[in-house]
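Me: I would like a close look at one part of this protein, namely its charged pairs and what surrounds them. Please give one connected account.

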Amino acid sequence: MNKKKPNILLLFTDQQRFDTINACGFSYVKTPNLDRLVKEGVVFTNAYTSNPVCIPARHNVLTGFYARQHGYADNSNMPFTHLLPTIPRILSDNWYETRAIGKMHFRPPRRHNGFDKMELMEEIVSYRERDEYAMYLKNVGLGNIQNIHGVRNLLCLLPQRSLIPEKHHGSTWVGDRTVDFIKTNKGRHPFFLWAGWLAPHPPFDVPDTFADLYNCVDIPKPYISKTPVSPLAHRNKFYADLPDEKYLKRMRQVYYSAISLVDKNIGKILGTLEEIGELDNTLIIFTSDHGELLGDYGLSQKMLPYDGCTKIPFIIRYPKKFKPNTTRNDFIDLTDILPTILDITDIKYPGENKLPGESILKEKGIKNRNYQYIENGNKSNRWISLRDNRYKYNYYYGGGYEELFDMEKDPHETINLLLTGNTNGIIGIKNKLKSKLMEYEKKYGLENYVYNNKFLKLKTLNITKQRNAQFPIFQFKITDENEKNRMNNFFDEVFKAVKKEKIVKLHQLDLEAWRKNCKKNGLHNVDEIINKITKEKL
């Protein structure tokens, strides 16, 4: 064991857009500790997720491969193959202590994939003993709370207050557990630590101490598309229940508040590394699995090829190899993380297949960083995308719909050039990118989507209105009847979550969809609650 091997610290948020760090030119965001990482490291201005949804993106990091190899093209529940080497498994085989803290979103969740230990904080807890954060809340006297990460369903993308104070909030817990691990290790041997925050993923449940942080900040308004968005994008209109512009503005404020709370905890982590003398001996990577549309084009959530979903923050701090306070504009993505770690630790990749990514230490390596390939979904849900230094081309298998954006003149993707009627040179640009995208799809994409050198054209997906139907479930599996009876009433938690959010009026929301979803989840007294909400204009 070589004690001079660097530590590896992966700071990983969930659903954080690229335009959310003050030092990267977005002055409305309060991120002093991420700003420090920018000034002491390298920031990548063209970093992308290779798939803008949680499970695929995280398995792309874990394995260094796309869905063709690991099997996840979307948030499916299929089991992950044990045949692919993973970052923690490779490092563990080379005498690293490997730890996972926070949200991982692997399938199945408790499969360690090479970690010596996992301390999980997942979105939906199937039963409490499976989740370290849920057990922590029980041990500190907060085990009676059902919606431990905020109310989803009715309030999923709405501003709300956390039912848990900042001291015990999930973002704080990840920071505190990471600090504890670093202090315990104290440089005794190299470690790989993946610290995963749930924030700023919805529900946007920020504690009172951070809820009003952006009330007086001039936050940019969402982008408005001048041409129609893709047919598939219309499904993203129905995830957010925002009655008017005031709701939208407040939603964006609490989203940034959630990021600032994560930033505070990153500050504690950096301070701890400095305190034990391991800061400069630690490769720190900060990034996210994907972004959030946050109202752009009237859309929310992810799963689409637009930059709000696909472009992510990406910072590396390791002064032994990366010059501080520098910027790189070439394309990188999540598949580059594994080869970068192996390059810096001088460990050979043990797998048989060639990795699609490459160490970002090699500025002029084999990987062509003039292009960025992104994929998502199966069958009619599937789309693929390719960016070059000027344009972005998107192909949707459902209906064969196409988009072409001039990212230089129109960086916010408001004009699909293929809908402008101006064919002068546009078709040639499209065909060139389409041909290149076909090369990537054949090599890295799911199999059988290209036939006779043509992309398949599948049936257009039927878009139906839907609201979040995820409810807490762990409380039903508590075996101690006395403890089960002490659990909060679900509807009381809904009222409490929005009590201080004066903008939110429950009677203005989609109560009919909520009624159906509540009944499907065994909450049969919902009629009485809705009548109360409607009658009293709550």
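How many salt bridges does the count come to?

Reply: The model is predicted, and the count comes to 46 salt bridges. Side chains of opposite charge can pair when their charged atoms come close. A few of the pairs follow, then their surroundings.

Take Glu166 and Lys264, whose side chains meet in a salt bridge with an N to O distance of 2.6 Å. Glu166 sits in the loop between β6 (159-161) and α6 (170-185), while Lys264 belongs to helix α8 (residues 245-275), so the pair ties together parts that are 98 residues apart in sequence. Glu166 counts as buried because its relative accessibility is 15%, under the 20% limit for that class. Lys264 has a relative accessible area of 40% and is therefore partly exposed.

Helix α8 also supplies Arg250, which forms a salt bridge with Asp212; here the closest N and O atoms are 3.8 Å apart. The two partners are 38 residues apart and link distant parts of the chain, with Asp212 in the loop between α7 (208-211) and α8 and Arg250 in helix α8. Asp212 is partly exposed at 42% relative accessibility, and Arg250 is buried at 8%.

Another pair is Arg515 with Asp527, where the closest N and O atoms are 2.4 Å apart. Arg515 lies in helix α14 and Asp527 in helix α15 (residues 526-536), so this salt bridge ties together parts that are 12 residues apart in sequence. Asp527 is partly exposed, with 27% relative accessibility.

Two further residues of helix α14 show what lies around this pair. Lys519 is found in helix α14 and is partly exposed, with a relative accessible area of 35%. Not counting residues up to four places away in sequence, Lys519 touches His524, Val526 and Asp527. Asp527 thus appears both as the salt-bridge partner of Arg515 and among the contacts of Lys519. Cys518 also lies in helix α14, but counts as buried, at 0% relative accessibility. Leaving aside neighbours within four places in sequence, Cys518 is in contact with Phe471, Phe491, Leu523 and Val526. Phe471 is 47 residues away from Cys518 along the chain, yet their C-alpha atoms are separated by 8.2 Å. Val526 is listed as a contact of Cys518 and also of Lys519.

Some salt bridges join into a network, which links Asp14, Arg58, Lys103, Glu123, Arg152 and Asp289. One of these, Arg58, is among the buried residues of helix α2. Helix α2 (residues 54-63) is mostly covered, with 10 of its 10 residues buried. Besides Arg58, the buried residues of α2 include Cys54, Ile55, His59, Asn60 and Leu62. They pack against β1 (7-13), α3 (67-70), α4 (87-92), β7 (191-196) and α10 (337-345). Gly64 follows α2 and has a positive phi, near 80 degrees.

Charge also appears without pairing. Lys496, Lys499, Lys502 and Lys505 form a positive surface patch, and residues in a patch have no salt bridge. Lys502 is placed in the loop between α13 (490-498) and α14 (511-520). That residue counts as exposed because its relative accessibility is 63%, above the 50% limit. For contrast in character, Ile124, Ile473 and Phe476 make a nonpolar surface patch of about 240 Å². Ile473 is found in the loop between β18 (454-455) and α12 (481-485) and is partly exposed, with a relative accessible area of 30%.

The backbone has some features worth listing as well. Most residues other than glycine have a negative phi, and most peptide bonds are trans. Lys379 is not a glycine, but has a positive phi of about 50 degrees. Its place is the loop between β13 (372-376) and β14 (383-387), and at 62% relative accessibility Lys379 counts as exposed. Tyr297, also not a glycine, has a positive phi of about 60 degrees. Tyr297 lies in the loop between β9 (282-288) and α9 (307-310) and is buried, with a relative accessible area of 11%. A cis peptide bond joins Ala199 and Pro200, with omega about 0 degrees, and the bond from Pro202 to Pro203 is cis too, with omega near 5 degrees. Pro200 lies in the loop between β7 and β8 (204-206), as does Pro203.

Methods:
Residues numbered from 1 in each chain as written. Predicted model: local features only at pLDDT ≥ 70, side-chain atom pairs only at ≥ 80, totals over all residues. Heavy atoms only, no water. Patch = residues over 30% accessible without salt bridge, like charges linked within 9 Å, V, L, I, M, F, W, Y side chains within 5 Å. Areas by Shrake-Rupley, 256 points an atom, 1.4 Å probe, with all protein chains shown as cover. Salt bridge = Lys/Arg side-chain N within 4 Å of Asp/Glu carboxyl O. Lys, Arg positive; Asp, Glu negative; His and termini not counted. Charge placed at Lys NZ, Arg CZ, Asp CG, Glu CD. Helix = DSSP H or I, 4+ residues; strand = E, 2+ residues; numbered from the N terminus. Buried < 20%, exposed > 50% of the residue type's maximum accessible area, 1.4 Å probe, protein only. Contact = heavy atoms within 4.5 Å.
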